[in-house]
Structure formats: structure tokens, C-alpha cells
Amino acid sequence: MIVREQPDGFIMIEQDHHARVSGDMIRQWNTFHLPNSPFQSSLFLAIDQHDGGWKAYDQDPFWNDYHQVPYSFTDFPNPVKTLLYTNGIENVEAHDSYAALLCSFHYTRFLLDDNQLESRQFVSQEKLRQQRIIRQLPEFRFDIFMKHYGLLQLCDNLSLFLCINEPGKNEHPFFKNGIPIPDTLDCFHGKSLEITWKDNHTLRVNEFPFQKDTSFSYSYKWVLVIHING
């Protein structure tokens with residue numbers, strides 16, 4: 001869950017809804033930035049479905065008693081995250097192994113430096129999955145895969161920028177220096193996309209990645225908090 005705290009409650013955006021926005025983005029991408037590959041449809045599926053493992057949790061979010069706010073994806077306990085991640089990857093693999101490989105790389109990156117037992121087990125399990133999938137894909141090319149992975153990361157961050165910030169503002173520390181550009185995407189210049197609000201509904205990007213001016217939308221829940229004394 002993406003959670004934006006408000007004076008009298010919370011705006012809550014389901015992870016899968018945010019992922020669907022990133023999926024909408026890659027479908028509007030300038031083809032100049034897309035490598036020639038037989039796995040393009042797999043790339044689109046991976047970006048669209050990369051947070052599918054969160055669906056069940058986001059229907060009934062957990063409350064953080066210590067901070068008195070709902071858990072968000074940034075502070076959700078890693079041992080439980082590994083279960084959500086595994087479920088999401090397995091659901092994708094049931095439809096497309098290359099897309100699952102992208103999702104697996106995406107999730108393991110988050111837990112590589114976590115020494116909790118569950119995280120270490122998850123990383124080990126996913127590395128075995130990755131090796132198995134690569135052996136099964138005769139057309140697999142690592143250089144193209146890493147460009148695809150970079151596109152997943154960039155679309156994920158562009159969508160997250162929209163969802164995690166209040167409209168018209170860029171206050172979250174994730175993106176104070178712009179949207180990071182993965183090193184594998186050498187078709188862009190610089191280390192980040194500079195992104196600014198023209199107004200509460202319009203963004204400007206210094207290196208425009210889409211085919212044309214386009215719009216994106218996401219669903220959210222407004223949760224009002226009522227404090228009762230006594």
C-alpha cells in the first residue's frame with residue numbers, strides 16, 4: 001500500500017493500481033527507447049503485473065500500532081514481504097516465465113542487503129528460479145534483459161512519483177533529485193529525469209520518454225480517521 005498521510009486521515013493507493021499505471025506508461029513509450037526483442041510482450045506484462053503479489057494484503061491493510069498509521073510498502077515487515085513477493089512472482093510465472101524473471105530480479109534487489117533469515121532464504125530461492133528460467137529461454141540475451149529491467153525500474157519510479165507525492169508537489173525524499181535513470185538505459189542522457197509540476201495535473205519531463213503527450217490516472221481510497229475521547 002502507498003500511504004499519503006493527511007491532516008484528518010490517509011490517502012491509500014493499492015500497489016497493484018500503481019503498477020497498472022506503470023504498465024500504461026510502457027505502452028505509451030517512445031519505441032526509440034525499446035530494444036528490439038522477441039520478449040516485448042513479456043516486458044509489458046512484467047511491468048503491468050510486478051506488484052500483483054500485494055493484491056490480497058491491500059484489500060485489508062495492517063495497522064502499525066507503534067506509529068498509529070497503516071503500514072505502507074516502505075515500512076512493511078520484510079519477512080511478510082517475502083511471502084507477497086513470492087506469490088506475485090509465481091502468479092506471473094504461471095503466464096510468462098520471462099516476465100517472472102524480470103519480477104524476480106526486481107524484488108531480490110530490495111532484499112539483497114537484508115540479513116534477516118526470511119530475506120536470505122528468499123534471495124537464494126529466487127536466484128535458483130532465475131537460473132532455471134534462463135536455461136529454459138534459448139533466445140535470452142543478458143544485455144537486452146538488463147535494458148528491460150531498467151525500463152521496469154524507470155516506469156515503476158515514474159508511477160511511484162505520481163502516487164507517493166501530493167499533486168503539484170515533490171516532497172518525498174525518494175525523488176528530490178529527480179527520477180533515477182538505470183545505467184543500462186544508455187538512450188537517455190544524465191543520471192536522472194528532471195520532473196517538475198506545471199500545475200496540479202500536469203508534469204514536465206526534461207527527456208520526454210513517451211510517444212506523445214499523454215495522461216494517466218489511478219484509483220485511491222480516502223480513509224477518514226475519527227478520534228473518540230473517553
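Side chains along β1 alternate between two faces. Ile2, Arg4 and Gln6 point to one face and are buried. Val3 and Glu5 point to the other face and are not buried. All of this is read from a predicted model.

**The sheet**

β1 belongs to an open sheet of 3 strands, in the order β1-β2-β9, with antiparallel pairing. The edges are β1 and β9 (221-224). Each has a single partner strand, so one side of each is left without a neighbour in the sheet. From one strand to the next, the twist averages 20°.

The pairing of β1 with β2 can be followed residue by residue. The two strands run antiparallel and are joined by 5 bridges. Ile2 has Ile13 as its bridge partner in β2. Gln6 stands opposite Gly9 in β2. A hairpin is formed by β1 and β2, with 2 residues between them.

Helix α7 packs on this sheet and touches β1 and β2. The direction of α7 makes about 25° with that of β1.

**A second hairpin**

β7 (residues 195-199) and β8 (residues 202-205) also run antiparallel, joined by 4 bridges. They form a hairpin with 2 residues between them. Trp197 has its bridge partner, Leu203, in β8.

**Helices α1 and α7**

Helix α1 covers residues 15-27, and α7 covers residues 142-164. The end-to-end distance of each agrees with the span expected at 1.5 Å a residue, as the table shows.

| Helix | Number of residues | Expected span | Distance between end C-alpha atoms |
|---|---|---|---|
| α1 | 13 residues | 18 Å | 19 Å |
| α7 | 23 residues | 33 Å | 32 Å |

How many of the 23 residues of α7 are buried? The count is 20, so α7 is largely enclosed by the rest of the structure.

α1 has its own set of buried residues. They are Gln15, Asp16, His18, Ala19, Val21, Ser22, Gly23, Met25 and Ile26. These buried residues pack against β1 (2-6), β2 (9-13), α2 (40-49), α3 (55-59) and α7. The spacing of such positions can be set beside a general rule. An α-helix has 3.6 residues a turn, so residues three or four places apart point the same way.

Ser159 is found in helix α7. Which residues does Ser159 touch, not counting those up to four places away in sequence? They are His18, Val21, Ser22 and Met25. Each of these four is listed among the buried residues of α1. Ser159 itself counts as buried because its relative accessibility is 0%, and the cut-off for buried is under 20%.

**α5 against α7**

α7 also meets helix α5 (residues 97-111). The two axes come within 10 Å and cross at roughly 65°. The crossing is right-handed.

From α5, the residues in contact are Tyr98, Leu101, Leu102, Phe105, His106 and Arg109. From α7, they are Ile144, Phe145, His148, Tyr149, Leu152, Gln153 and Asp156. By type, the residues of this contact divide into 8 nonpolar, 3 polar and 2 charged.

**Separations and single residues**

Two pairs give a sense of scale across the chain. Ser159 and Thr82 lie 77 residues apart along the chain, and their C-alpha atoms are separated by 22 Å. Val80 and Val21 lie 59 residues apart along the chain, with 25 Å between their C-alpha atoms.

Val80 sits in helix α4 (residues 78-93). Is Val80 buried or partly exposed? Its relative accessibility is 29%, so Val80 counts as partly exposed.

Gln68 lies in the loop between β3 (63-64) and β4 (69-70). Its backbone deserves a look. Gln68 has a positive phi of about 60°, although it is not a glycine. Most residues other than glycine have a negative phi. Gln68 counts as partly exposed because its relative accessibility is 47%.

Terms used: Residues are numbered from 1 along each chain as its sequence is written. This is a predicted model: local features need pLDDT of at least 70, side-chain atom pairs count only at pLDDT 80 or more; totals for chains, interfaces and linings use all residues. Side-chain values use heavy atoms; hydrogens and water are left out. Two strands pair if DSSP finds at least two bridges between them. Axes are lines fitted to C-alpha atoms, for helices over the stretch in contact, and angles run from 0 to 180 degrees between N-to-C directions. A crossing is left-handed if the near helix is turned anticlockwise from the far one by less than a right angle, and right-handed if clockwise. Contact means heavy atoms within 4.5 Å. Ala, Val, Leu, Ile, Met, Phe, Trp, Tyr, Cys and Pro count as nonpolar, Asp, Glu, Lys and Arg as charged, and the others, Gly among them, as polar. Buried means under 20% relative accessible area, exposed over 50%, partly exposed in between (1.4 Å probe, protein chains only). The expected span of a helix is 1.5 Å times one less than its number of residues.
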